[in-house]
Amino acid sequence: MSYTEELGRKAKEAEAVIASASTLEKNNALAAISKALIENKELIIAENAKDIAAAKENGMSEAKQDRLKLDEKRIADMAKGVDELIAMNDPIGQVMDGFTRPNGLQIIKTRVPLGVIGIIYESRPNVTVDAAALCLKAGNTVILKGGKEAINSNICLGDIMRKAVSSVGLPEDVVQVVNSTSRETTNEIMKLNEYIDVIIPRGSANLIQAVVKNATVPVIETGAGNCHVYVDSSADLDMAVEITDNAKTQRPSVCNAIESLLVHKDVADKFLPMIAERFKSHNVKIYGCERTIAILGDTVEKATETEYATEFNDFIIAVKVVDDISEAIAHIRKYSTGHSECIVTSSLANAQRFQREVDAAAVYVNASTRFTDGGEFGFGAEIGISTQKLHARGPMGLMELTTGKYLINGNGQIR
């Protein structure tokens, strides 16, 4: 049996235990994980330092190094996220629907775990903890395949969680971290149909598409984020500056940060210098259309199709001046990845039209796209942001890691 098949076999065996575990048992395991993260913070930081050193040596951008880095605060935040899951309602066993047929059959639809979940992701090691904790609370087992950039951090976090789970009497194989960074191992995991029920990729557009195209296991597609802010003609421009700046610069390496800015022609002359001045403090590189260049001058580079279609994950933005909301919506429809989109406006009609016509998992009026997040939505930690339309869309919390099961009770009915 190959390494990946052995992972699958162990996950399947552990699934039978965790799927029927009580809420108390699962919460005890989560509490043990939270405590172990804090107790082992020095070990985690030491292992993470190895990944950071390798990232610097390999020329990784500072923004992506920020995604990779773990410090005391981020470890505390991970532990807090696990604690928040303990306080959340257990979805397993909830009655989703129930009815009695004319023939007397009683049909009840209940919520059950998805089963064995494979998660393939890139450099953010906090995903290792978030994903494991969410899957555990929802009664699933998980196989975690992180990127080579975070291999030391991920293995360390996986070992800590496995010991914590085992310490309260649940099988350690509820959580497994793949210790290989090879592409061959990833490809094998994507084809473990006998063991894995669903694959969830989380990372760059290239990673997600590679999983979607190569997996034989069903895939829930998560979010490359080519997100936009559209500043309407009626926008409060001071508000628009704050929203645009936050959505671009607060943490540019994440999928809910914006990559493009659309500005109505009637306010472009006033607004663009305002936001350009704000961007200066973050050294944001601006690509723009001809009208943008005419307003801001030679500090702006000419934007092409490539820039408008790119998820930069960096202090870079593409800007376009548009004639009206129709052109803004058309531009978003062409380039959006269906993640998060925003309009800044004082027009109720335009706000409603934007939310009605823009096809994305999260559509904002007068608020930063940075809120597309499981924690910010009140879901606790998240497994990712789904940009597809089947089963789950938007931040994927506990409910999205479950499915339905019909329980039928009769008294001798035959067909």
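A salt bridge here is a side-chain nitrogen of Lys or Arg within 4 Å of a carboxyl oxygen of Asp or Glu. By this rule the count comes to 24 salt bridges. The model is predicted: local features need pLDDT of at least 70, side-chain atom pairs count only at pLDDT 80 or more, and totals for chains, interfaces and linings use all residues. Residues are numbered from 1 along each chain as its sequence is written, and side-chain values use heavy atoms, with hydrogens and water left out.

**View 1. A salt bridge within helix α3 joins Glu47 and Lys50.** The closest N and O atoms of the two residues are 3.0 Å apart. Both residues lie in α3, which covers residues 41–57. Helices (H or I, at least four residues) and strands (E, at least two) are DSSP runs, numbered from the N terminus. Glu47 and Lys50 are three residues apart, about one turn of the helix. An α-helix has 3.6 residues a turn, so residues three or four places apart point the same way. Buried means under 20% relative accessible area, exposed over 50%, and partly exposed in between (1.4 Å probe, protein chains only). Glu47 is buried at 17%. Lys50 is partly exposed at 45%.

**View 2. Lys73 and Asp77 meet in a salt bridge.** The N to O distance is 2.9 Å. Both belong to helix α5 (residues 72–87), four residues apart, or about one helical turn. Lys73 is exposed, with 58% relative accessibility. Asp77 is partly exposed, at 39%.

**View 3. A salt bridge ties helix α11 to helix α10.** Arg278 and Glu242 form this salt bridge, with their closest N and O atoms 2.6 Å apart. Arg278 lies in α11 (residues 265–280) and Glu242 in α10 (residues 237–249), so the pair ties together parts that are 36 residues apart in sequence. Arg278 is partly exposed, at 26% relative accessible area. Glu242 is partly exposed too, at 44%.

**View 4. Glu6, Arg9 and Glu13 share a network of salt bridges.** The network links these three residues.

**View 5. Strands β1, β2 and β16 build an open sheet.** The strand order is β1-β2-β16, and the pairing is antiparallel. Two strands pair if DSSP finds at least two bridges between them. The edge strands are β1 (95–100) and β16 (402–409), and each pairs on one side only. Neighbouring strands are turned by 20 degrees against each other on average, direction ignored. Axes are lines fitted to C-alpha atoms, for helices over the stretch in contact, and angles run from 0 to 180 degrees between N-to-C directions.

**View 6. β1 and β2 form a hairpin.** Five bridges join β1 to β2 (residues 106–113). Gly98 stands opposite Ile108, and Phe99 stands opposite Ile107. Five residues lie between the two strands. Gly104, in the turn, has a positive phi of about 95 degrees.

**View 7. Thr141 sits in strand β4.** The strand covers residues 141–145. Thr141 is buried, with a relative accessible area of 0%. Contact means heavy atoms within 4.5 Å. Leaving aside neighbours within four places in sequence, Thr141 is in contact with residues including Ala11, Ala14, Glu15, Ile18, Asp173 and Val174. Glu15 is 126 residues from Thr141 in sequence, yet 5.5 Å away in space, C-alpha to C-alpha.

**View 8. The largest nonpolar core has 50 residues.** A nonpolar core is a set of buried Ala, Val, Leu, Ile, Met, Phe, Trp, Tyr and Cys residues joined through side-chain atoms within 4.5 Å. Leu37, Ile119, Leu144, Ile383 and Leu401 touch the most other members. Helix α6 (residues 126–137) gives the most to this core, with eight residues. Not counting residues up to four places away in sequence, Leu401 touches Pro113, Leu114, Ile117, Leu134 and Ile383, among others. A second, separate core of 38 residues includes Cys227, Phe312, Ile317 and Ala318.

**View 9. Helix α7 packs its buried residues against helices and strands.** The helix covers residues 151–167 and has 17 residues. From first C-alpha to last, α7 reaches 24 Å, close to the 24 Å expected at 1.5 Å a residue. The expected span is 1.5 Å times one less than the number of residues. Buried residues of α7 include Ile151, Cys156, Leu157, Ile160, Met161 and Val165. Their packing partners are α2 (23–39), α3, α5, β3 (116–121), α6 and β5 (175–177). Just after α7, Gly169 takes a positive phi of about 95 degrees.
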